[in-house]
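Work through the exercises below with the model open. Each task is followed by a solution in steps.

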Amino acid sequence: MRVDNLLFMHAGLNPEYGDLDTDAINERVSGELQKYDAAKQTLIDMEMITPYADLKDLVQAADEKLQQMLRQLQATGEKPDRAGQDLARRLEWVVNYTDWQLLNGEGLLWFRGLALWPEAEHAEEVAAVLEKQGVDHIIVGHTTQLAGEI
């Protein structure tokens, strides 16, 4: 969220994404949340997880279903139809959860470099992010501190 010359972030903004405006950042994060919800609902509908399943359960169920689909492909040699291919892509996305922007430590939600980097070493990168965003300050909701103090 942007207010005047302040950019409020969950944890910070990786310079890799410094060119994205707040709408683009919000769209990417919202898109991943929607993909997560859709994948979870798919596995609920398949009765592989309950509505109360956590990420670990979701990943495990997705991996089990993918393995089942692979065994079927190996046994029959028949490729899945379009719906099966779409399901496989959705499940592969779940299994590769460490690549999600929502969970990746270098991504849009959890990047903490701005708070943890030595200032002298990264001053130019930070200045570039501020300039690209058109702000003077980035305020983070929370992040770890080097000294463990606020």
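The exercises cover salt bridges, one helix, one buried residue and the nonpolar cores.

The model is predicted, so local features need pLDDT of at least 70 and side-chain atom pairs count only at pLDDT 80 or more, while totals for chains, interfaces and linings use all residues. Residues are numbered from 1 along each chain as its sequence is written, and side-chain values use heavy atoms, with hydrogens and water left out.

**Exercise 1. Find the salt bridges and place each partner in the fold.**

Step 1. A salt bridge is a side-chain nitrogen of Lys or Arg within 4 Å of a carboxyl oxygen of Asp or Glu. The count by this rule is two.

Step 2. One bridge joins Lys-132 and Asp-19, at 3.5 Å from N to O. Lys-132 belongs to helix H5 (residues 119-133) and Asp-19 to the loop between strand E2 (6-9) and helix H1 (22-45), so this pair ties together parts 113 residues apart in sequence. Helices (H or I, at least four residues) and strands (E, at least two) are DSSP runs, numbered from the N terminus.

Step 3. Burial is read from relative accessible area: buried is under 20%, exposed over 50%, partly exposed in between (1.4 Å probe, protein chains only). Lys-132 is partly exposed at 48%, and Asp-19 is exposed at 62%.

Step 4. The other bridge pairs Asp-86 with Arg-89, at 2.3 Å from N to O. Both residues sit in helix H3 (residues 82-95), three residues apart, or about one turn of the helix. Asp-86 is partly exposed at 37%, as is Arg-89 at 49%.

**Exercise 2. Describe helix H2: its length, its faces and its ends.**

Step 1. The expected span is 1.5 Å times one less than the number of residues. For the 22 residues of H2 (residues 55-76) that gives 32 Å, and the end C-alpha atoms are 31 Å apart, which agrees.

Step 2. The buried residues of H2 are Leu-58, Val-59, Ala-61, Ala-62, Lys-65, Leu-66 and Met-69. Seen down the axis, they fall within an arc of 165 degrees, so they line one face of the helix; the arc is that of the directions from the helix axis to the C-beta atoms.

Step 3. That buried side packs against H1 and H3, where contact means heavy atoms within 4.5 Å. The face turned away from the buried side carries the exposed residues Lys-56, Arg-71, Gln-74 and Ala-75.

Step 4. At the start of H2, a side-chain oxygen of Asp-54 comes within 3.2 Å of the backbone nitrogen of Lys-56. Just after the helix, Gly-77 has a positive phi of about 75 degrees.

**Exercise 3. Is Gln-133 buried or exposed, and which residues does Gln-133 touch?**

Step 1. Gln-133 is in helix H5 and is buried, at 7% relative accessibility.

Step 2. Leaving out residues up to four places away in sequence, Gln-133 touches Arg-2, Leu-7, Leu-13, Tyr-17, Gly-18, Asp-19, Leu-20 and Asp-21.

**Exercise 4. Locate the nonpolar cores.**

Step 1. A nonpolar core is a set of buried Ala, Val, Leu, Ile, Met, Phe, Trp, Tyr and Cys residues joined through side-chain atoms within 4.5 Å. The largest has 18 residues, and those with the most contacts inside it are Leu-43, Ile-49, Leu-58, Leu-91 and Val-94.

Step 2. H1, H2 and H3 each give two or more residues to this core, with H2 giving the most, six residues.

Step 3. Apart from this core lies another, of twelve residues, including Leu-7, Leu-20, Leu-102 and Leu-108.

Notes: Polar contact = N/O pair within 3.5 Å; in protein donor to acceptor, adjacent residues only side chain to side chain.
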